[in-house]
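User: Could you take me on a close look at one helix of this model and the pocket beside it? I would also like to hear about the residues around one buried polar side chain.

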Amino acid sequence: MVAVPNTENRIRIGVAAGRSVGGAVERNRAKRRLRACLSIFLPAIPKEWDLIFLARKPIQEADFDQIQDAVGNVLKRARLLQDADVTVHD
């Protein structure tokens, strides 16, 4: 994840998957799964940030809970989760 503060009062999120993830079908699937996990955390992320998430090859074998845990952990490490009610599976 890459996080950069912005001056707007809205969050902007980009999701990318390179060729190392696989062909077009695998890349699109990885991006869809990542976006679905991100939607869970959107209410808890401050609005003044631009975020870019980069899918990596292990996402192909990961289940939804593993992806959700990874996204939550990355956001916590970056101190971008405001709401303590958002739970990450342990």
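Analyst: Happy to; here is a walk along helix H2, into the largest pocket, and then over to Asn6 and its partners.

Please keep in mind that this is a predicted model. Helix H2 covers residues 64-77. H2 is 14 residues long, and from its first C-alpha to its last it reaches 20 Å, close to the 20 Å expected at 1.5 Å a residue. Just at its start sits a cap: Asp63 caps the N-terminal end of H2, with a side-chain oxygen 3.3 Å from the backbone nitrogen of Asp65.

Now for the sides of the helix. Ile67, Gln68, Asp69, Val71, Gly72 and Leu75 are the buried residues of H2. Helix H1 (24-41) and strand E3 are included in what covers them. As background, an α-helix has 3.6 residues a turn, so residues three or four places apart point the same way. Val74, another residue in H2, is a partly exposed case, because its relative accessibility is 23% and the buried class stops under 20%. The C-alpha of Val74 is separated by 20 Å from that of Arg27, and the two residues are 47 apart along the chain.

What comes after the helix is worth a look too. Arg79 lies in the segment after H2, and its phi is near 60°, a positive value in a residue other than glycine. For context, most residues other than glycine have a negative phi. Arg79 counts as exposed because its relative accessibility is 76%, against a cut-off of over 50%.

Next, the pocket. The largest pocket holds about 320 Å³ of space. Its lining has 14 residues, and those closest to the centre are Leu34, Leu54, Ala55, Arg56 and Ala70. Two elements, strand E3 (49-55) and helix H2 (64-77), each give two or more residues to this lining. H2 supplies the largest share, with 5 residues. By residue class, the lining is made up of 12 nonpolar, 1 polar and 1 charged.

Strand E3 also leads us to the buried polar side chain you asked about. Asn6 sits in the loop between strand E1 (2-5) and strand E2 (12-17). Asn6 counts as buried because its relative accessible area is 12%, and the class takes anything under 20%. One partner is Asp50, a residue of E3: the side chains of Asp50 and Asn6 are joined by a polar contact of 2.6 Å. A polar atom of the Asn6 side chain also lies 3.2 Å from the backbone oxygen of Arg10.

Looking beyond four places in sequence, Asn6 touches Arg12, Lys47, Glu48, Trp49 and Asp50. On the same terms, Asp50 is in contact with Val2, Ala3, Val4, Asn6 and Arg12. Arg12 therefore appears in the contacts of both Asn6 and Asp50, where contact means heavy atoms within 4.5 Å.

Glu48, also in the Asn6 list, is found in the loop between H1 and E3. Its relative accessible area of 37% is why Glu48 counts as partly exposed. Leaving out residues up to four places away in sequence, Glu48 touches Val4, Pro5, Asn6, Glu8, Asn9 and Arg10. The C-alpha atoms of Glu48 and Arg12 are 8.5 Å apart, with their positions 36 residues apart along the chain.

Notes. Residues are numbered from 1 along each chain as its sequence is written. This is a predicted model: local features need pLDDT of at least 70, side-chain atom pairs count only at pLDDT 80 or more; totals for chains, interfaces and linings use all residues. Side-chain values use heavy atoms; hydrogens and water are left out. On a 1 Å grid over the protein atoms alone, a cavity is a set of points where a 1.4 Å probe fits but cannot get out, and a pocket is an open set with protein on both sides within 12 Å along at least five of seven lines; lining residues have an atom within 4 Å of a point. Grid points are joined across faces, edges and corners, and a volume is the space filled by probe spheres set on the points. Helices (H or I, at least four residues) and strands (E, at least two) are DSSP runs, numbered from the N terminus. Ala, Val, Leu, Ile, Met, Phe, Trp, Tyr, Cys and Pro count as nonpolar, Asp, Glu, Lys and Arg as charged, and the others, Gly among them, as polar. Buried means under 20% relative accessible area, exposed over 50%, partly exposed in between (1.4 Å probe, protein chains only). A polar contact is a pair of N or O atoms within 3.5 Å; within protein, one must be able to donate a hydrogen and the other to accept it, and residues adjacent in sequence count only if both atoms are side-chain atoms. The expected span of a helix is 1.5 Å times one less than its number of residues.
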